[in-house]
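The following paragraphs are intended to be read alongside the sequence and the three-dimensional model. They begin at the ligand and then proceed to the interior of the protein.

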Amino acid sequence: MEFKQAAKTRRSIRRFEDREIPREVFEEIVESARFAPSWKNVQPARYIIVADPAKRAELAQPECVFNFTFNLATLESARAIVLLTYVKGRSGYERDGSFSTPKGAFWEAFDAGIAAQTFCLAAHDKGIGTVILGYFDEEAIRKAVAIPEEQAIGAVIACGYPAESPAAPKRKEVGELMEMI
Ligand SMILES: Cc1cc2nc3c(=O)[nH]c(=O)nc-3n(C[C@H](O)[C@H](O)[C@H](O)COP(=O)(O)O)c2cc1C
């Protein structure tokens with residue numbers, strides 16, 4: 001898919017077909033996502049793909065989404081729930097563990113965000129719908145899925161073959177967003 005088309009037609013998808021996503025499809029998506037830029041190329045992002053129905057059901061619980069029923073419905077519909085994690089203490093840090101800049105640990109979330117968008121665009125290119133979920137309770141999720149101690153969850157991404165095709169929410173015009181000096 002051509003870049004402009006991919007960027008413009010990717011939508012957050014919250015309803016999915018009852019159809020599992022083959023492992024090879026995720027391998028191709030991560031094959032693209034791994035080219036996302038990162039702080040000093042430390043490549044902190046990891047993709048824990050929860051596809052097993054029983055495990056998925058453990059994540060599609062009110063306590064995992066702060067009782068936000070809107071997200072609960074999305075997780076119930078998803079055919080894979082991706083825990084996009086990042087290895088802590090790398091992005092924005094020096095080798096001795098000190099912060100590289102006054103922005104401190106800000107770059108960890110920044111790198112996770114770039115990885116998330118690259119993942120979502122690559123998924124879109126493969127016909128897989130995604131939605132990034134910010135309402136998630138990391139502690140509750142860790143009780144259901146074993147996540148390595150040194151990793152933190154940057155985002156939860158619900159995935160599946162789309163069962164809806166929402167219109168694009170209104171975007172600000174270029175003139176509102178850009179300034180050239
Ligand atoms: C950091 C972040 C957190 C988000 N959290 C949620 C969420 O918890 N639940 C949800 O349904 N959508 C969530 N979204 C999706 C946004 O609502 C969506 O991207 C926005 O409305 C624009 O729609 P579009 O993705 O179709 O262009 C999140 C998106 C981002 C980038």
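The shell around the ligand consists of seven nonpolar, four polar and two charged residues. This description rests on a predicted model. Of the 13 residues around the ligand, those that come nearest are Arg-11, Ser-12, Leu-133, Gly-134 and Tyr-135. Two elements, α4 (69-77) and β3 (129-133), each give two or more residues to this shell.

Strand β3 leads from the ligand to the sheet. It pairs with β4 (151-160) in the antiparallel sense, over five bridges. Leu-133, one of the residues that come nearest to the ligand, has Val-156 of β4 as its bridge partner. Strand β4 is also joined to β2 (80-87), again in an antiparallel arrangement, by eight bridges. Within that pairing, Ala-80 has Cys-159 of β4 as its bridge partner. Strand β4 is mostly covered, with seven of its 10 residues buried.

Helix α5 may be considered next. It spans residues 106-125, 20 residues in total, and extends 29 Å from its first C-alpha to its last, which is close to the 28 Å expected at 1.5 Å a residue. Many positions along the helix are buried, including Trp-107, Glu-108, Asp-111, Phe-119, Cys-120 and His-124; several alanines, among them Ala-112, Ala-115, Ala-116, Ala-122 and Ala-123, are buried as well. The packing partners of the buried α5 residues are the helices α1 (3-9) and α2 (23-33) and the strands β1 (45-50), β2, β3 and β4. Just after α5, Gly-127 adopts a positive phi of about 85 degrees.

The helix and the strands meet again in the largest nonpolar core, which contains 37 residues. The members that touch the most others are Ile-81, Leu-84, Ala-116, Phe-119, Ile-157, Ala-158 and Cys-159. Two or more residues of this core come from each of α2, β1, β2, α5, β3 and β4. Helix α5 supplies the largest share, seven residues.

Which residues does Phe-119 contact, leaving aside its neighbours within four places in sequence? They are Ile-29, Ala-33, Tyr-47, Leu-84 and Ile-157. Two of these contacts, Leu-84 and Ile-157, are themselves among the core members that touch the most others. Phe-119 is thus a convenient residue from which to trace the packing of α5 against, among other elements, α2, β1, β2 and β4.

Key: Residues are numbered from 1 along each chain as its sequence is written. This is a predicted model: local features need pLDDT of at least 70, side-chain atom pairs count only at pLDDT 80 or more; totals for chains, interfaces and linings use all residues. A residue is near a molecule or strand if its C-beta atom, placed from the backbone, lies within 6 Å of it. Helices (H or I, at least four residues) and strands (E, at least two) are DSSP runs, numbered from the N terminus. Ala, Val, Leu, Ile, Met, Phe, Trp, Tyr, Cys and Pro count as nonpolar, Asp, Glu, Lys and Arg as charged, and the others, Gly among them, as polar. The expected span of a helix is 1.5 Å times one less than its number of residues. A residue is buried if 20 or more other C-beta atoms lie within 10 Å of its own, exposed if 12 or fewer, and partly exposed in between; C-beta atoms are placed from the backbone. Two residues are in contact if their C-beta atoms, placed from the backbone, lie within 7 Å. A nonpolar core is a set of buried Ala, Val, Leu, Ile, Met, Phe, Trp, Tyr and Cys residues joined through C-beta atoms within 7 Å. Two strands pair if DSSP finds at least two bridges between them.
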